[in-house]
Amino acid sequence: MTLSTLARSIAESPTLRLNEEARLLRERGEAVIHLGIGEPKNRAPLTALLSAAAKLNTGEIKYSPTDGIPSLKKAIIRYTEENYDKVIAPENVIVSAGAKQSIFNILYAILNPQDEVLILAPFWVSYPEMVKMCYGVPVIVTPEDGTFQPRFEDIERKLTSATKAIIVNSPNNPSGVIFSDEFLSQLIDLCERRGIYVIMDDIYHKLVFDGKHPTPGYRFTTKDVESTKIIVVNGVAKLYGMTGFRIGWAVANRQLTQVMTNVQSQITTCTSPFLQVAAEGALTGLQSIVENLRLAIQNNRDVIMQEFKSFPGVKCVKPEGTFYCLPDFRAYQKDSVALSNFLLKKAFVVTVPGKEFGMEGHLRLSYAGSIKDVTEGIARIKWALDPQSPNEIYIGDKKMVRDWL
Ligand code: PMP
């Protein structure tokens, strides 16, 4: 085989694969409900669209500085001050093609071959693959008690002299859980003492419910941005529903930011300046859009939790943020890949197998779509799995009869 062994070992993004499968089924005319998708349905903020359009109208769309245009970096500095209570300099910020590239840049900039990165299960599917792409070793830490709250003792047990970093994602994709202050404080204290990077993927930090808020990691350290091991990642994708604009950023010490900038300059040069001005437009425009999105998603969360109440055997930890939940379907099927395939084939509902997130027996369901999709999607899953539910259902305009239970 003439292909790279490493590249061949990298798994396809299961969520992107499912998007493609759903698209093909829809093209065939099937009434697919997509509970797999990780993006809100809202339109991009008007200020983002107007800024991008104005930039396009100039006809001058050229390379930008690798680390981002100064005005966007200024908006990110203000965002960091307002939301993290941290004063940072332009040299602490690098803008990338989505939070995804920010995380990749960080890992590429800090890892030597065989360095270990702790990843807390359930985890976002891309973390282990990105660590592997940087010749590091992903070390998965799984909570034993089924709450999805990571435990400090479990982390301590996995530490070795090769531990270089830990990735923290709270609110968490896929569980929706916000990590406790007690946990974060113990973890950050340990990492600062031992010189272990804490990569805080804060991409969902404003999509939180019931008045709860994740505490910024900086709150648990006395070190300043130049000496702390905390690196913060954020972006406009989930904050404003601007997933397709591909703008994210990292905040880190100057030396690390410079190394990441060198790396990025050799890979993508920069992100497109008209997408950068769109992100700036969103960050500097009316922020009520974030609150509206948050309220709509909280409402969807309430609806989906209500639906689970009448679904015997399914246990679901109530999400405190994000637009995902990770119900336990082991009462019906322990193999989450088989279950997800079954639901797609029989009920035309897209779900993501928990196995992909390090939680076999669970399915990740997204409630970022419409209420109608959420309720109809759960009704179809009930119909496919629960013998107590009526055995006939309409899927699109087809009457379907369950003949397998
Ligand atoms: N981190 C997490 C936890 C995510 O769920 C996602 C997107 N699904 C990202 C990062 C990537 O965000 P972006 O679209 O800005 O690359």
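How many helices and strands does the protein chain have? A few notes from going through this predicted model:

1. To answer that straight away: there are 14 helices and 14 strands in the protein chain. The radius of gyration comes out at 21 Å, close to the 22 Å that the globule rule gives for 405 residues, so the chain is as compact as a globular protein of that length. Along its principal axes, the C-alpha trace spans about 65 × 55 × 55 Å.

2. On burial and contacts: of the 405 residues in the protein chain, 47% are buried. If you take the contacts with a separation of 6 or more, 74% of them are between residues 24 or more positions apart.

3. Helix α2 is worth a look on your screen. It runs over residues 14-27, which makes 14 residues. From its first C-alpha to its last it reaches 20 Å, close to the 20 Å expected at 1.5 Å a residue.

4. Which residues of α2 are buried? Thr-15, Leu-18 and Ala-22 are. They sit on the same side of α2, because the arc they cover around the axis is only 55°. The other side of α2 has Leu-16, Glu-20, Arg-23, Leu-24 and Glu-27, which are exposed.

5. What do the buried residues of α2 pack against? Their partners are β1 (33-34), β10 (349-350) and β11 (352-353).

6. Last, the end of the helix: Gly-29 follows α2, and the phi of Gly-29 is positive, near 95°.

Key:
Residues are numbered from 1 along each chain as its sequence is written. This is a predicted model: local features need pLDDT of at least 70, side-chain atom pairs count only at pLDDT 80 or more; totals for chains, interfaces and linings use all residues. Helices (H or I, at least four residues) and strands (E, at least two) are DSSP runs, numbered from the N terminus. The radius of gyration is taken over C-alpha atoms; the globule rule is 2.2 Å times the number of residues to the power 0.38. A residue is buried if 20 or more other C-beta atoms lie within 10 Å of its own, exposed if 12 or fewer, and partly exposed in between; C-beta atoms are placed from the backbone. Two residues are in contact if their C-beta atoms, placed from the backbone, lie within 7 Å. The expected span of a helix is 1.5 Å times one less than its number of residues. The arc is that of the directions from the helix axis to the C-beta atoms.
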